Every structure is written in structure tokens, then in C-alpha cells.
Amino acid sequence: MLDPGATGRSLWCNASGQYMAALMVDFELNDLSLSPNLLKSDILRHLTFTLGKDADHASLYDWRMALSYALRDRIVEPWFASTRKTWATAHKRVYYLSMEFLIGRIMEDATVNLGLRDMAEEAMASFGQDFRLMVEDEPDAALGNGGLGRLAACFMESMATLGCPAYGYGIRYEHGLFRQRFEAGRQVETPEDWLKQTHPWEFARPEAAYTIPFKGVIEHRGGKDIWVPGETVIASAHDTPVIGWQGKWANTLRLWAAQPTTMFDLERFNRGDYAAAAEPEALARTLSRVLYPDDTTYQGKELRLKQEFFLTSAALQDILRRFLASNTDLRQLPNFVAIQMNDTHPAIAGPELIRLLVDDHGMTFEEALPIARACLGYTNHTLLPEALERWATFTFGNVLPRHMQIVEQIDHWHKDEYHSRPHYVGIVKHHEVRMGELAFVMSHKVNGVSALHSDLVKKNLFPELHALHPDRIINQTNGVTPRRWLKMCNRPLSKLITKTIGDGWEDDLDRLKGLEKAIGTKTFRKEFDAAKRANKVQLSNWIAQTQGVKVSPDALFDVQIKRIHEYKRQLLNILETIAHWQKIRENPNANWVPRVKIFGGKAAPGYAVAKEIIRLINDVATVVNNDAATGDLLKIIYPANYNVSMAERLVPAADLSEQISTAGKEASGTGNMKFMMNGAPTIGTLDGANVEILQEVGAENFFLFGLTAEEVMIRRQDPDHSRKAIEASKPLQDVLQMIAEGRFSPDQKDRYHDLVHRVWHHDYFLVAADFDAYHAAQNEVDAAFADRDRWIRMAAMNTARSGFFSSDRTIRSYMDEIWSVTSAL
């Protein structure tokens with residue numbers, strides 16, 4: 001633990017009971033001065049003394065690691081200083097619990113926030129090394145899947161930028177979700193290997209280790225319930241500093257790796273039972289190997305519940321240890337601790353915090369309950385009931401018997417508290433523990449992540465609980481960090497912005513409104529168009545190199561990148577693409593706008609329908625991309641293994657942002673904000689944050705289509721809605737007929753019969769109902785893109801009006817309305 005009294009030249013750390021000087025540099029929070037020669041010296045020092053290489057024999061990996069360590073040195077200083085200041089001022093901290101932190105590559109992001117991007121590039125050039133190749137050589141940290149994890153990463157960066165003292169808590173997954181590849185169009189999952197190389201940005205903290213119990217029995221001793229676990233593992237910490245804009249503040253992302261309580265069974269080994277001897281380590285490491293294990297089996301369900309408790313218990317034990325290092329009265333915990341549960345995965349935090357306060361610290365349940373609720377906040381990210389998580393009471397009670405008791409106590413307390421109310425909903429119901437309801441009851445604030453979503457959380461998701469607690473649900477519309485998603489990933493546009501409105505917009509994104517006046521000038525529009533085309537040229541070259549398909553940078557780049565799910569409606573996109581392809585074939589000499597359709601995303605390993613949609617997209621791409629009749633007028637690109645780094649290529653080059661989810665299903669979306677920020681108009685439904693994007697940018701700069709959330713609910717009441725929609729749409733009939741006849745699967749003509757049948761008879765996400773409106777909106781897109789000046793104005797206006805969607809704005813609101821935390825800067 002950092003000594004709160006350490007200041008100035010020396011930072012003193014406790015190591016095995018002895019104090020030793022660990023930092024002998026002058027440093028202030030606002031002093032990040034670094035000369036090019038000093039940076040080069042630091043790089044060579046790490047190359048020699050950290051990596052044991054000389055410059056003449058160093059590989060690209062060696063140079064990247066040396067630069068990473070040199071940059072990390074500059075992050076450590078504000079990291080330590082921020083920690084010292086938090087201790088010295090007894091500042092309240094935020095603790096952000098999330099199963100995902102999709103942080104992406106760190107090196108270039110660090111250079112941008114430290115103001116060292118150009119210096120790093122020049123330093124490496126002096127050694128004959130290409131900085132861009134180093135950036136590409138760094139693996140993405142496989143710590144997430146989609147928007148949930150990327151949001152958590154943006155929030156961590158914004159908290160650091162705003163000087164909000166915070167820890168992020170997650171799991172250090174060895175293999176992440178999975179590495180995706182395609183075989184004959186099918187998704188194939190293989191393990192991610194990002195930790196095959198040393199991760200230079202983290203610090204192992206073996207002293208920060210906690211025992212995590214599972215299973216066992218409850219014994220009654222001296223009038224108390226005592227949990228005697230049947231299994232235990234050790235959660236060992238690994239810390240990554242998260243640096244904010246201009247290096248003024250840094251927070252900590254603490255990831256837990258699972259280790260066995262007993263490392264190795266020597267007796268079994270000596271008996272020749274070698275596999276059994278290593279079994280404890282193998283079983284423990286299973287907890288931190290894979291994100292979201294397939295839970296279609298009981299073993300998968302048990303592992304997932306164990307993972308969620310592993311993360312949560314380790315975090316809460318760490319939080320209490322830190323609090324008790326400088327406080328003795330746990331009743332004061334809410335004055336110093338704000339815990340945010342990022343979706344329902346950490347919902348066990350309520351019962352676990354009560355268990356720790358009662359079983360380990362001697363409180364009564366009645367004393368512990370209000371303390372836990374005052375500390376906890378819950379962010380809901382989904383309107384899909386299956387994503388809220390419900391555990392069979394048998395599974396929950398078997399894995400966490402003590403918590404089953406506490407959950408029932410919470411449920412009984414809540415029922416007794418509101419027994420006279422007409423609306424009461426139980427946490428334990430129909431032999432299930434409902435984690436969404438548990439998170440709601442145990443939180444002092446519950447927030448949705450867009451205005452529409454928060455309204456639907458009240459009306460549709462938790463109507464009974466909202467009636468009991470009408471002031472608990474509030475809205476906090478999501479945002480993204482402009483440092484990574486504009487300043488770093490879109491250098492041509494960010495340079496134009498700075499040239500036009502000056503410095504300082506990076507942490508005050510509302511200043512982008514200053515671009516609106518410039519958009520009226522031909523000079524600015526020409527420069528804006530040139531910046532977009534430069535990004536498209538780079539992406540076209542990458543597509544040719546990696547996908548083997550030549551695309552024109554002058555075509556309309558139409559991009560849909562997100563996890564593959566029926567409600568996100570990649571199926572609607574590919575069906576409309578087939579219809580468009582057929583129209584071109586019927587009249588190839590018409591004045592078509594050339595279009596490149598780009599998809600990206602993974603399907604959950606057990607999600608058969610989503611994987612079938614992936615295969616259909618790839619099968620259609622094979623036919624279309626080799627069709628001489630349509631040629632360059634239409635191409636379909638689906639690069640495998642979509643991740644943050646791929647998004648950083650695609651987003652700046654996109655002309656059109658596909659946000660076409662079924663209305664009432666997308667909580668918010670953050671990809672829509674990134675595209676908007678980078679000058680890509682949206683084609684979308686009134687869903688999630690699309691509603692607020694439309695409000696900000698204006699209807700004239702947005703391609704709106706489709707049923708509203710209310711209309712969706714009404715349409716579903718008609719059991720024949722899909723059949724009626726198809727019979728009313730000749731283009732959709734033709735598309736489904738082509739698929740059913742095997743036009744895109746000549747080797748297996750009936751491959752997609754089930755998928756076509758779903759559209760005809762089980763179209764819950766209303767693909768058929770919205771098809772014609774989507775098709776018409778795409779025609780509007782073509783007309784707008786053909787008018788270059790109109791399109792450039794639309795694109796630039798999207799950038800100019802994107803300021804509201806900075807994650808800095810979101811975090812300020814969390815700080816004020818949920819956490820009651822002020823900036824320490």
C-alpha cells in the first residue's frame with residue numbers, strides 16, 4: 001500500500017516490513033516534460049537492462065516492449081502522485097465492477113494522453129523503427145466482447161481525465177472470449193493468446209491476494225451461521241494504470257487471476273498420478289481462462305456463477321481492506337466508497353458485502369443492509385429478459401450456500417418493508433434467484449443508459465419495483481472517449497478540427513459546435529472530404545492486403561460492426577444487400593452509387609441462429625464479390641475477429657453507420673456515437689441512443705426508418721405479422737426465395753431453410769416488418785451520397801454536433817447524481 005504521507009522526491013513503499021526508496025525523481029501532477037533525447041535514452045535503457053537485448057539484434061517485439069516500458073515509466077509517476085493525493089485528502093473513491101474491460105491496445109493511447117505521440121514516432125524512427133508497425137504488433141487485451149466492455153474502458157479513461165479517484169475491477173482472462181476465424185463461411189472459435197507475450201503495462205501484486213470460497217455447508221455455532229466452504233481459490237491482483245488526458249491523473253484497473261489454494265499435490269505426483277497432482281491449479285485457473293463460458297450445460301452455468309462471485313468477492317475484500325487501512329468505523333463506508341455494478345454480472349455484490357460485514361466484521365444483518373445499499377449503484381444495460389440472469393435456486397444454493405441465505409433475508413426484508421403496497425415483486429421466485437431484481441433492491445440508484453432505455457426500464461423491465469421506488473431509476477446516457485475515438489484513431493480529422501477551432505476540444509467536446517460556421521465554407525468542406533478519403537484509402541489498402549478484395553475508396557463505405565445478435569438485425573442488413581444486388585443485376589448500366597458493405601462481429605459460441613447469420617453473410621459475399629455483372633458496384637467485406645483495433649480502422653473510414661436494431665431492444669449503443677463523432681451519418685431506428693443522436697444532429701442529417709418501440713409491441717400482437725409483411729413486399733419475397741433455393745449455397749441448397757422459415761413464421765425481431773422501410777431509406781442514402789456537397793455537409797454536421805456523446809459528460813453526471821464524488825484535481 002502506498003504511504004499516504006509520501007511526497008516530493010521519494011515515494012516509500014512497504015516491502016516485507018521494510019521501507020525503501022522507490023522513486024527518486026522530482027514530480028508534480030502537471031509536470032510531464034520529457035525531451036526526445038531522454039525518451040530515446042529510456043528506450044535504450046529498457047532494451048538493454050529490462051529485455052537484455054542490444055540494438056543491433058533487437059526484434060520488432062523488443063523495440064515495442066522497450067518503448068512500452070519507457071512510456072509506462074511516465075505513467076507511473078502521475079499514478080503514484082494521484083494515489084498519494086487521494087490518501088492524503090481522504091477522498092471518496094469509485095469502484096467500478098465489470099466482467100468486461102475492452103481496453104484495446106494501450107501504447108498509442110498512452111502516447112496521445114501523455115502528449116508524446118509525435119515524439120515517440122520520431123524517437124523510434126531515429127532507431128530505424130516504424131512506430132506504426134509497433135502499434136500493429138501490440139495484441140489487443142482480450143478482456144471483453146462488445147459495448148459493455150468498451151464502455152467500461154471509456155469510463156475508466158474519463159474518470160482519470162476528470163480526476164475522479166477510481167479503481168476498475170475485472171478478471172484477467174487468459175483467453176478472452178475467443179479468436180474468431182471463418183472456415184467455409186462458418187465461425188470457428190479458437191483461444192485468444194494475448195498473454196502469450198509479456199503484458200508490459202501491468203504490475204503483478206502478489207501481496208494483494210484474497211481467498212474466495214465456494215460450496216460447502218452452513219454450520220450453526222453459538223447462535224451464528226458459519227459458512228464452511230468446500231472449495232477455495234486465491235484471487236491474485238494485477239494492476240494496470242489508466243492515464244487521463246494530458247497525464248494529470250491516473251487510476252487503477254485491477255484484474256484478478258485465479259490461483260489454487262494448494263499449488264501442487266506432491267504426494268500424488270510421487271505416486272505417479274501426474275495429472276491429478278496438477279489438478280488444483282488447472283481447476284483454479286479455469287475461473288480466469290475464458291470470458292462468458294458456454295452456459296448451455298450445468299457445468300457451464302456453475303462456472304459462470306463462480307466467475308461472477310470470484311470477481312465480486314475479491315473486489316469487495318480489497319475495498320474493505322483499503323478502507324480499514326485508514327478508517328475504523330465501517331458505518332462510514334458510504335462516505336468513502338461508491339461501488340458501481342456494470343450490468344447484472346456483479347449483482348452478487350449486495351449479498352457478498354452484507355456477508356463480509358456480518359460474518360467477518362461482526363455487524364448484524366439490519367446494520368449491514370443500509371450500509372451496502374448506500375454504497376451500491378446498478379447500471380442496467382439490457383432490455384432482454386434472458387440477459388438479466390436468473391439462477392436456479394439449486395445451482396445458486398449449491399455454489400453459494402451462505403449467499404442463498406442472505407438473498408432470502410433481503411427478499412423477506414423487502415417484502416416486509418412493502419407488504420402493504422399493491423405491487424411487490426420477489427427476488428426469489430419460481431425456484432430462481434433473479435439477479436436484476438436483486439441488483440435493483442440492493443442499490444440506492446439504478447440507471448439506464450439512454451433516455452429511451454431508461455424509460456423502458458421503468459415501464460417494461462422493472463415496473464413493479466419502479467412503482468415501489470419511483471425515484472430510484474435515473475438516466476445516464478452513455479458516451480465514448482474522444483481521445484481514443486477521434487484524437488487517436490482519426491488523425492486527419494482531429495488535425496483539421498484543431499486547425500479550425502484550436503486546441504482544447506479533446507476534454508471539452510462541446511467545442512465541436514464551433515465547426516458549424518466553418519461547414520458553410522467550401523474550403524472546410526473540401527478539407528473534411530480529404531480527411532475522410534485519406535482514411536478510406538488506408539482502409540481500402542488494408543482490405544486488399546488482408547481480405548484479398550479490391551475496393552474503391554470512392555465507394556460508399558456502409559459499416560455495421562457489433563456482436564452478432566438477432567435484435568441487432570445483421571440479417572435485415574444482408575437481406576437488403578441481396579435485394580440491392582439483384583436490382584443492380586437487373587439494370588447494371590443505371591447510375592448506381594458504388595457501395596462497400598462492411599460487417600464485423602462475433603456470435604456467442606452457443607448461439608446457433610447468430611452463427612447461421614454469419615455464414616449467410618459470408619456465403620452471400622462469396623457470390624457477390626465474384627459477380628462480373630455487378631463488379632465494383634457492390635462488395636461485401638467481413639473481416640474475422642473484430643476487436644477494438646479493427647474498429648479503430650473502420651470507424652474513421654465509414655461513410656454510413658448502421659444502427660438498425662429492433663426498436664425497444666438496444667439499451668444505448670456506443671458504436672453509433674463513435675461513427676457520429678467521425679463524420680458518418682446514421683441509418684437507424686428510434687432505438688437506444690439513436691433517439692438522442694437524432695435530436696442532436698437533426699432529422700436532415702439522419703436516415704430514420706422503421707417501427708417505433710410502441711409500434712413493435714402492437715405489431716407483435718398479430719401472429720401473422722411476418723407473413724403479411726413478406727406478402728406485401730415483392731423484393732423481400734424474391735430475396736427469401738433465392739436463399740431458400742440455394743442461390744448462395746449451391747453445395748447445400750437447403751442450408752438456410754430454417755433461417756428462411758424463421759423470417760416467415762417466427763420473426764420476433766420484425767425483420768420482415770421493417771424491410772421495405774429500410775430498403776427505402778437505403779435508396780435515400782444513395783441519393784444523398786450522389787450529391788457530394790450535401791453528403792459532406794451531413795457528415796461534417798454529425799461531427800460538429802457529437803459533443804454531447806463524450807464519456808466525460810456521462811462520468812460528470814455519475815459523479816454528481818449517483819456517486820457523490822468530486823474531482824481531486
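How are helix 6 and helix 34 oriented to each other? They are roughly perpendicular (a label for angles of 65 to 115 degrees), and the first view below shows their contact. This is a predicted model, with local features needing pLDDT of at least 70, side-chain atom pairs counting only at pLDDT 80 or more, and totals for chains, interfaces and linings using all residues. Residues are numbered from 1 along each chain as its sequence is written, and side-chain values use heavy atoms, with hydrogens and water left out.

**View A. Helix 6 packs against helix 34 (residues 807-819).** The two cross at an angle of about 75 degrees, and their axes are 9 Å apart. Axes here are lines fitted to C-alpha atoms, for helices over the stretch in contact, with angles running from 0 to 180 degrees between N-to-C directions. Helices are DSSP runs of H or I with at least four residues, strands are E runs of at least two, and both are numbered from the N terminus. On the helix 6 side you'll find Cys154, Phe155, Ser158, Met159, Thr161 and Leu162; their partners in helix 34 include Ile811, Tyr814, Met815 and Trp819. Contact means heavy atoms within 4.5 Å. Sorted by class, the contact has eight nonpolar, four polar and two charged residues. For the classes, Ala, Val, Leu, Ile, Met, Phe, Trp, Tyr, Cys and Pro are nonpolar, Asp, Glu, Lys and Arg are charged, and the others, Gly among them, are polar.

**View B. Nine strands make an open sheet with mixed pairing.** The order is 7-10-11-4-3-12-13-17-18. Strand 7 (203-214) and strand 18 (473-475) sit at the edges with a single partner strand each, so one side of each has no neighbour in the sheet. From one strand to the next, the twist averages 25 degrees. Strand 3 (residues 93-97) and strand 4 (residues 166-171) pair in the parallel sense over four bridges; two strands count as paired if DSSP finds at least two bridges between them. Leucine 97 stands opposite tyrosine 169 in strand 4.

**View C. Helix 6 lies across the sheet strands 3, 4, 10, 11 and 12.** Its direction is at about 135 degrees to strand 11 (250-260). Helix 10 (residues 298-324) also packs on the sheet, touching strands including strand 7, to which its direction makes about 115 degrees.

**View D. The largest cavity has a volume of about 240 Å³.** A cavity is a set of points, on a 1 Å grid over the protein atoms alone, where a 1.4 Å probe fits but cannot get out; lining residues have an atom within 4 Å of a point. Points are joined across faces, edges and corners, and the volume is the space filled by probe spheres set on them. Of the 18 lining residues, Ile103, Ile106, Asp109, Val242 and Arg484 lie nearest the centre. Helix 3 (107-114), helix 6 (147-162) and strand 10 (231-243) each supply at least two lining residues. The lining has eleven nonpolar, two polar and five charged residues.

**View E. The second largest cavity holds about 130 Å³ of space.** Its lining has 14 residues, with Glu566, Leu571, Arg758, Asp763 and Val767 closest to the centre. Helix 31 (753-761) gives the most to this lining, with three residues. By class, the lining residues are eight nonpolar, two polar and four charged.

Notes:
On a 1 Å grid over the protein atoms alone, a cavity is a set of points where a 1.4 Å probe fits but cannot get out, and a pocket is an open set with protein on both sides within 12 Å along at least five of seven lines; lining residues have an atom within 4 Å of a point. Angles under 35 degrees count as roughly parallel, over 145 as roughly antiparallel, 65 to 115 as roughly perpendicular and the rest as oblique.
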